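Hi,

Here is the structure I said I'd pass on. Have a look at it first, and then read my notes below.

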Amino acid sequence: AFKAAVLIQQWYRRYVARLEMRRRCTWRIFQSIEYACEQDQIKLHNFFSYLVDHFTPSSSKERDFISRMFISGESFKEAELEKYCDYESMEVPDTYTGPRLSFPLLPDHATALLEAFKQKQQLHARYVLNLLHETRKHLKQLPNISHVSTCYSEEVTVCGDLHGQLDDLFLIFYKNGLPSPSKSYVFNGDFVDRGKQSLEILIILFTFLLIYPKEVHLNRGNHEDHMVNLRYGFTKEVMQKYKVHGKKILKMIQNVFCWLPLATLIDQKVLVIHGGISDTTDLDMLEKIQRNKFISVLRGKKRKESNRNVEIQEINGESKVEADPAGNEAALSLCPQPRPTEAPSMANKLEFSRWVRQTVQEQIEWCRRLVDISESEEEELTYSSVVSLTDLDGPCWTRQEEWKQASNVLWSDPMPQEGCRVNTVRGGGCYFGPDVTGKILEKYNLQFLIRSHECKQEGYEFCHNRKVLTIFSASNYYEIGSNRGAYVKLGPDLVPHFVQYQANKTAHNLTMTQRQGFPVALISRVEESAFRALREKLFAHTSALISAFKAYDKDNTGRITLSNWATAVESVLHLGLPWRMLRPQLVRSTADGMLEYKSWLDDLAMEQRSQEHIQSSLLEVIYRNRSNLETIFRIIDRDHSGLISFEEFHQTWKLFSSHMNIELTDDGINDLVRSIDFNKDGNIDFNEFLEAFRLVKQSQ
């Protein structure tokens, strides 16, 4: 009996260990592919940034296009933005049966919204724009770092990434209660993208923010960025739900995002930020920077100064002013100094007074453009501008330093090793070690740090000797059953208490018998999804894999060792995965330990080949580039209409041709765009865009 018990125990431990190994491998696959996609986004954005920075517009029309390339509404003056997004002129039809909002908002409005969204109802565009307008007004008065105290409420609840998963937010409110004077919440960024109900989450959070401004606090995440939204789904979601007024809603949301606070301090002891810190993190600087300047944190401000050469390059792709070392004033043509009109007679004092005011105002605006001060700043004093004005004698930071502070806060991740280094995995922010955490906590007299930004299997995870806590609130993030969501509650003692959950109707409906085998079935399901994504990734790099395999196949036998297979795959994909451990799921077992790599790649192609019977090499290229192609399409489609106009295509091709040194006349570009417009409706939709790409690759 004793021997039997030991055998059972050994078997069970091996079984659990194998399950855990499979779970960890699956997790590594999902995370590696996710971060590789983020790298692609930043590389693509940097490429367009380079084009914009090195393209010299030859006309005002081209300058206007370039100025819109990476900015989508932030150049609007205050009055212009409100006029463009005028909600008062919109009529709500009598047939509308959804919730109605009136301001100031009351708790009943929030309850009505929750019930409406549970019933899959949609809020009318008028109320959405009105809500965004009021939210923007409120956020502009907030500091960069919000301050929360547990003295006024029994506890503070901190939630991590939600990523458009409304069911998770509903479950949090069901378990923990709605925001109220006695129930404070901090939502730590990444409210949008990936999930299908990002806009509903924003509406609910903004509603509670306006009802309980002292109890609800929102931090900005790296996905509260319109350039990221172009790739990960939020832009598309808004345009699909609001086909008529979607562009206005997007412009307001983009402006609201840049006013979200960057951090929250709980009892002056716990710092809550979305991403992390670095060895150069300066909370004093973070408190005083003008956060609204960073419409997209992906693109920083560059300044180069020498004795007589000053380059001012506007953040987010705005116009550039560059002084010529030889004193050539032609470079200032983008921002010419206004010439005052002839002064009227002194006899007419009223007319002369108007002339003086106009002349002075024109000179002030010219100087403001030269020193990079937006016109919207004079319209209303915000918290950050007041801080800046009261600290004129303090240190002066460059925009690049300020951008680095904001970028690190939104994009960084902790690492177990000491030190601080560039986050090459994500492509943005940095990796910070336990020594960096210790120094920052000691410098600002903090107990620990709460951040989000990373999906964790249990919904939360401590690191750096329990000084850094990661909290992630989107359950089933990669696949149903892939991870739990969690939130953390802090009382006056600041001891974290965690609540985990899984918003999964499939799991809730299982019988008791089914639940007994559920972990195994769930792991198998998640594992299958992960390996399917990995096989797609492998197929998308078929050409590069063949070249890597041939480097090990000196005799052209078409066969390589499994060890060489693993090395070659990693050299191509750079995912950092344990390929030898994953091999049994990807490669059929062979008796002699050799792999016929061409037949293996053919098998991958058979899995991915579509019903249209596109040749494998062409399908490979489309798989590899579809996400980038869709992002490029959305960047060119500045009005988010889902169509690229001939004018938009014309200006974009001028940008590309200047970078590639291709001489192409306007007539040549017009012929090109007409050839892509297959249905001859005067616009290019994404299918036509993709089809043109497919035909070009096929001809090659």
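To start with, how many disulfides does the structure hold? The count is zero. Keep in mind that this is a predicted model. A disulfide is a covalent bond between the sulfur atoms of two cysteines. Cys420 might catch your eye here: the closest cysteine sulfur to its own belongs to Cys430, at 3.6 Å. That is too far for a bond, because a disulfide needs the two sulfurs within 2.5 Å. Cys420 is also partly exposed, with a relative accessibility of 28%.

Both of those cysteines turn up again around Ser278, which has Cys420 and Cys430 among its contacts, along with Asn408, Val436 and Ile440, once neighbours within four places in sequence are set aside. You'll find Ser278 in the loop that runs between strand E6 (270–272) and helix H11 (283–288). Is Ser278 buried or exposed? It's buried, at a relative accessible area of 2%. Its side chain also makes a polar contact of 3.0 Å with the side chain of Thr280.

The other thing to look at is a pair of helices. H7 (residues 198–211) packs against H9 (residues 234–241) with the axes 9 Å apart and an angle of about 85 degrees between them, so H7 is roughly perpendicular to H9. On the H7 side, the contact is made by Ser198, Leu199, Glu200 and Leu202, while H9 brings Phe234, Glu237, Val238 and Lys241. Sorted by class, that contact has four nonpolar, three charged and one polar residue.

Cheers

Key
Residues numbered from 1 in each chain as written. Predicted model: local features only at pLDDT ≥ 70, side-chain atom pairs only at ≥ 80, totals over all residues. Heavy atoms only, no water. Helix = DSSP H or I, 4+ residues; strand = E, 2+ residues; numbered from the N terminus. Buried < 20%, exposed > 50% of the residue type's maximum accessible area, 1.4 Å probe, protein only. Polar contact = N/O pair within 3.5 Å; in protein donor to acceptor, adjacent residues only side chain to side chain. Contact = heavy atoms within 4.5 Å. Axes fitted to C-alpha atoms, helices over the stretch in contact; angles between N-to-C directions. Parallel < 35°, antiparallel > 145°, perpendicular 65-115°, else oblique. Nonpolar A, V, L, I, M, F, W, Y, C, P; charged D, E, K, R; others polar.
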